[in-house]
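Thanks for coming, everyone. I'd like to walk you through a model, so have a look at the screen while I talk.

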Amino acid sequence: MQKRNFTGVLLMAFAVFAIILCLFAFPHDGLQAALRGVSIWWDVLFPALFPFFVISEILLGFGIVHFFGTLLDPMMRPVFRIPGIGGFVMAMGFASGYPIGAKLTSQLWEQRLVNREEGERLVAFTTSSDPIFLIGAVSIGFFHDASLAIILATAHYGGSLLIGFMMRFHGRKSVPTSQKSTSSGWIWKRAFETMHTARIRDGRSIGTLLSQSILHSLNLMFVVGGLVVFFSVVLEVLTSAQVMNVMYVLISSILQFIGLPHELSQAVINGLFEVTLGAKAAGNAPDALALSSKVAIGAFILSWGGMSVHAQIVSLLSHTNLRYLPFLIARVTHALLSAAIVLVIWEPMQIFRDSQATFFPQYEPTSPVLSYLKLMLPVSGIVILASFTVIAGLFTAYSLLKLVYEKVGGTR
């Protein structure tokens, strides 16, 4: 065991030393990559994530998350095998994007509202892109086609739900977290009592809660920004040093094997490190390439998330006992599923593209911060409502199937 740990440390030290040498050899490229990373963080990530970081902290402090947890518990447990409080995490994760789902899950774990297996299931399928980035930045900003948003959203969020179904089999022998309730009776009454109990247990005044929420969110935003800049620089200097050529050849071979253009290998490599760089490279790929292939790679990159997002998730879960391997397997599976869904639904979805082009709000590349602020509330609100609707629909379908199964004499 000690030898294995020493080998890992040695390899890590070698990689860091190699990156430092590349930075000395290509300082200009590293600086330009750092500036691009800072621009991505300030123009895209900060306005999209910071408000949700603050809101999630406040909602936890006021007990509103616990309120929704009690209401959704009868639906979330049979469908996804997670406590009802996971339904709120699912809605917030889909509406605000990575890494909100991991942040909320780590907080729930700290309060012992989820155990390790439930937390791993929750992080696996609530880590997704936010709709503002998917619509404004990717569909309109990178692909210059708003009608692609419905295809990307169907593949991305549909893949997330499929991952949620698959992850219900993860840790099947683990003991589920019990739903804590101070009383019995009508579920709305229990939900309000749970919220009241959580608020009393928190005990912070409104001023203290708001200031601490802002401080914690700012700290997390600087961590996110630092990781984005770091991986942007690493990708650029390794590319300048020709170190990435081996990966380009490997990815090109894989793409050709599955029938996709090898010219998209640049987008895949960029997306493996940073999702924004990869999605932009997919959108800017040569026009001669099939649009369906470029969108499939874009969906793959959005669902994978990039090593920058993975590092953010690991950072957020570092103080918990949640493992990284289930999350990694879920990301790979989600990425492959999303790309496959795009290719499967591409032709049937063409009839919706013209009508959808005028529905989605406009994104102004010259004023990204203002555009995100204008889009954030309506689009995210729609996604939150849609998430709760999907949960209710899935529970209804589950209940009907269970009823039919019992009627024909089956046993559960």
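Let me start with a question: how many of the 12 residues of α7 are buried? Well, 12 of the 12 are buried, so α7 is largely enclosed by the rest of the structure. If you want to find them on screen, the buried residues run through Pro131, Ile132, Phe133, Leu134, Ile135, Gly136, Ala137, Val138, Ser139, Ile140, Gly141 and Phe142.

Before I go on, please keep in mind that this is a predicted model.

Okay, the overall picture. The protein has 18 helices and 0 strands. There are 412 residues, and 52% of them are buried. Now take the contacts with a separation of 6 or more: 79% of those are between residues 24 or more positions apart.

Back to α7 for a moment, and its length. This helix covers residues 131–142, which is 12 residues, yet its end C-alpha atoms are only 14 Å apart. A straight helix at 1.5 Å a residue would reach 16 Å, and α7 falls short of that. Just after α7 you'll see His144, with a positive phi of about 55°.

Now compare that with α4, residues 85–96. Its 12 residues should span 16 Å at 1.5 Å a residue, and the end C-alpha atoms come out 17 Å apart, so here the two values agree. As for burial, 12 of the 12 residues of α4 are buried, so this helix too is largely enclosed by the rest of the structure. Among the buried ones you've got Phe88, Met90, Met92 and Phe94, and also glycines, including Gly86, Gly87 and Gly93. Just after α4 comes Gly97, which takes a positive phi of about 85°.

Next up is α14, residues 291–304. What span should its 14 residues have at 1.5 Å a residue? The expected value is 20 Å, and the end C-alpha atoms are 20 Å apart, so that agrees. α14 is mostly covered, with 13 of its 14 residues buried. And just after α14 there's Gly305, with a positive phi of about 95°.

While we're there, pick out Phe300, which sits in α14. Its relative accessible area is 18%, and the cut-off for buried is under 20%, so Phe300 counts as buried. What does it touch, leaving aside residues up to four places away in sequence? That would be Ala335, Leu336 and Ala339. Phe300 and Gly278 are 22 residues apart along the chain, and their C-alpha atoms are separated by 9.7 Å.

Right, on to how helices pack. Two packed helices are described by the angle between their axes and the distance between the axes. Let's do that for α5, residues 100–110, with two partners.

The partner I'll take to begin with is α6, residues 116–126. The angle between α5 and α6 is about 165°, and their axes are 9 Å apart. Anything over 145 degrees counts as roughly antiparallel, so that's what α5 is to α6. Their crossing is right-handed. On the α5 side the contact is made by Gly101, Ala102, Thr105 and Leu108, and on the α6 side by Gly119, Leu122, Val123 and Thr126. Sort those by class and you get 4 nonpolar, 4 polar and no charged residues.

The other partner is α15, residues 306–317. Here the angle with α5 is about 10°, with the axes 9 Å apart. Is α5 roughly parallel or antiparallel to α15? At that angle, it's roughly parallel. In this contact, Ala102, Lys103 and Ser106 in α5 meet Ile313, Leu316 and Leu317 in α15. By class, that makes 4 nonpolar, 1 polar and 1 charged.

Last stop, α10, which covers residues 206–240, with Gly225 in it. Ser217 lies in α10 as well. Is Ser217 buried or exposed? Its relative accessibility is 0%, so it counts as buried. Leaving out residues up to four places away in sequence, Ser217 touches Phe50, Phe53, Val54 and Glu57.

Gly225 is buried too, with a relative accessible area of 7%. Measure up Gly225 against Phe46 on the screen: they're 179 residues apart in sequence, but 8.3 Å apart in space, C-alpha to C-alpha.

That's my tour, and I'm happy to take questions.

How values were computed: Residues are numbered from 1 along each chain as its sequence is written. This is a predicted model: local features need pLDDT of at least 70, side-chain atom pairs count only at pLDDT 80 or more; totals for chains, interfaces and linings use all residues. Side-chain values use heavy atoms; hydrogens and water are left out. Helices (H or I, at least four residues) and strands (E, at least two) are DSSP runs, numbered from the N terminus. Buried means under 20% relative accessible area, exposed over 50%, partly exposed in between (1.4 Å probe, protein chains only). Axes are lines fitted to C-alpha atoms, for helices over the stretch in contact, and angles run from 0 to 180 degrees between N-to-C directions. Angles under 35 degrees count as roughly parallel, over 145 as roughly antiparallel, 65 to 115 as roughly perpendicular and the rest as oblique. A crossing is left-handed if the near helix is turned anticlockwise from the far one by less than a right angle, and right-handed if clockwise. Contact means heavy atoms within 4.5 Å. Ala, Val, Leu, Ile, Met, Phe, Trp, Tyr, Cys and Pro count as nonpolar, Asp, Glu, Lys and Arg as charged, and the others, Gly among them, as polar. The expected span of a helix is 1.5 Å times one less than its number of residues.
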